[in-house]
Amino acid sequence: MSLLALRVEGVRNLHTQEFDFSDKLNVVFGPNASGKTSLLEAINLLGTAKSFRTSRIDHVVQMDADKLQVTGPVRSTISARQLGVQRSAGKTRIRIAGETVSKASLLAHEFPVQVITPSSHALLEQGPKFRRKFLDWGLFHVEPKYHQSWLIYYRGLRQRNAVLRSRAPRQEIVQWDMGLAEAGEHVNELRTTYLNAFVPVFRHYATDLLGEDIEVSLNSGWKSGLSLKSALEAGLEGDRQQGFTRVGPHRGDLVFRLAGSLAQSRLSRGQQKLLVAALRLAQIDHLGQMTRRAGTLMVDDLAAELDREHRGRLLRRLRSCGAQVFVTVTEPELLDVSGWEQVAMFHVEHGKIREVL
Ligand SMILES: Nc1ncnc2c1ncn2[C@@H]1O[C@H](COP(=O)(O)OP(=O)(O)OP(=O)(O)O)[C@@H](O)[C@H]1O
Ligand SMILES: [Mg+2]
């Protein structure tokens, strides 16, 4: 899958303009504050209808502009489909091949896009929510049954929590447990199956990029050895006191270890960046293997925190993963693009983007 071209309007500091992309490597370079990250934001918007930097898409809308609009054709195996995202008057509109759709998940399906930024180490250092999101992204794209089970589970969870908050009697709460436990076990089984296939791909990338063998395990979100049904029963009194459900896959987490210790406490900042890159690369690679639809991978500020040797390794891995790649960098000399075919170079200055040869 690749984005063939893009038209941007009203995105941060970018001028209204259109460009064609390479389906291999696109290098975006220019000084600080020129608009490099803004271009990646525009591409990310087309695949997710969200910003990767802020939780409020309205912050991405150009100051004083009345709307933001990104459109472009995305090619899958045979044909290309036109995608479009517009934000105006506080409303987001999504179009796929001429039809208005209401769900951003449909867009994600058309255009799977991943981004690695200088703050990506948050995936390792911050709460489990970020790691669950990572895991769910992979499952959502390769396992058609996942989305449905996930929706059933979260609906059940919301209902159980509402009953807990209303201080309902035990019997009323327990009524929800059977269905919730069944859906939760299913979510966890699908996560386990996904990881069994994903982890070897990830370790391969991690060993090459960091020179370390990283172990990955899944924490299901409840005590191991117990069924979820039993864990819900065992936790019921505590749940009633707290007013919410404390066990289940909504509490699940991914754990990364290096020689037995938690990876985030052992790795240097550069290594953390490479670990997150290995995760995203492996996810895109695995997606390509499972669905024959390699996605698009963007690396914002690739050179930050990486020495020459590791920049080279990361670029080589980006080349071999089969995805369409976008990288931003302040000076193009920081990247050795030899070995790549079809490199498109874009120079950004004061929000104006120009393709250079
Ligand atoms: N909503 C907005 N409207 C107009 N301009 C904005 C908006 N949001 C951000 N900007 C400006 O866009 C400019 C470009 O930002 P961007 O993050 O794309 O720069 P960059 O080229 O990635 O820089 P760096 O190399 O420092 O990462 C900045 O000067 C920023 O202040
Ligand atoms: Mg930037």
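In the predicted model, the C-alpha centres of domain 1 and domain 2 are separated by 28 Å. The domain assignment places residues 1-112 together with 293-357 in domain 1, and residues 121-292 in domain 2. Domain 1 is thus assembled from two stretches of the chain, 1-112 and 293-357. Where the two domains touch, 22 residues of domain 1 and 21 residues of domain 2 take part in the contact.

The area buried between domain 1 and domain 2 amounts to about 1900 Å², of which 64% lies on carbon and sulfur atoms. On the domain 1 side, three residues stand out: Arg 293, Glu 305 and Arg 317 contribute 35% of the area that this domain buries against domain 2, more than any other three residues. Arg 317 also engages domain 2 through its side chain, which meets that of Asp 208 in a salt bridge with an N to O distance of 2.8 Å. The count of salt bridges between the two domains is 1, and 5 residue pairs are in polar contact across the boundary, both members having pLDDT 80 or more.

With regard to secondary structure, the side of domain 1 that touches domain 2 receives at least two residues from each of helix H2 (104-110), strand E13 (296-299) and helix H10 (308-320). Helix H10 gives the most, with 5 residues. Classified by residue type, this side of domain 1 comprises 11 nonpolar, 6 polar and 5 charged residues.

Considered as a whole, the chain contains 10 helices and 16 strands. Its C-alpha atoms occupy a box of roughly 70 × 50 × 35 Å along the principal axes. The radius of gyration of the chain is 22 Å, which agrees with the value near 21 Å expected for a compact globule because the chain has 357 residues.

Salt bridges were also counted over the model, and the total comes to 17. One of them joins Arg 81 and Glu 110, whose closest N and O atoms are 2.8 Å apart. This pair links distant parts of the chain, with Arg 81 located in strand E6 (residues 80-88) and Glu 110 in helix H2, 29 residues apart. Helix H2 therefore appears in two settings, since it holds Glu 110 of this pair and is among the elements that supply at least two residues to the side of domain 1 touching domain 2.

Key
Residues numbered from 1 in each chain as written. Chains lettered and ligands numbered in written order. Heavy atoms only, no water. Domains from an automatic or database assignment. Contact = heavy atoms within 4.5 Å. Buried area = accessible area lost by both parts, 1.4 Å probe. Salt bridge = Lys/Arg side-chain N within 4 Å of Asp/Glu carboxyl O. Polar contact = N/O pair within 3.5 Å; in protein donor to acceptor, adjacent residues only side chain to side chain. Helix = DSSP H or I, 4+ residues; strand = E, 2+ residues; numbered from the N terminus. Nonpolar A, V, L, I, M, F, W, Y, C, P; charged D, E, K, R; others polar. Rg over C-alpha atoms; globule rule 2.2 N^0.38 Å.
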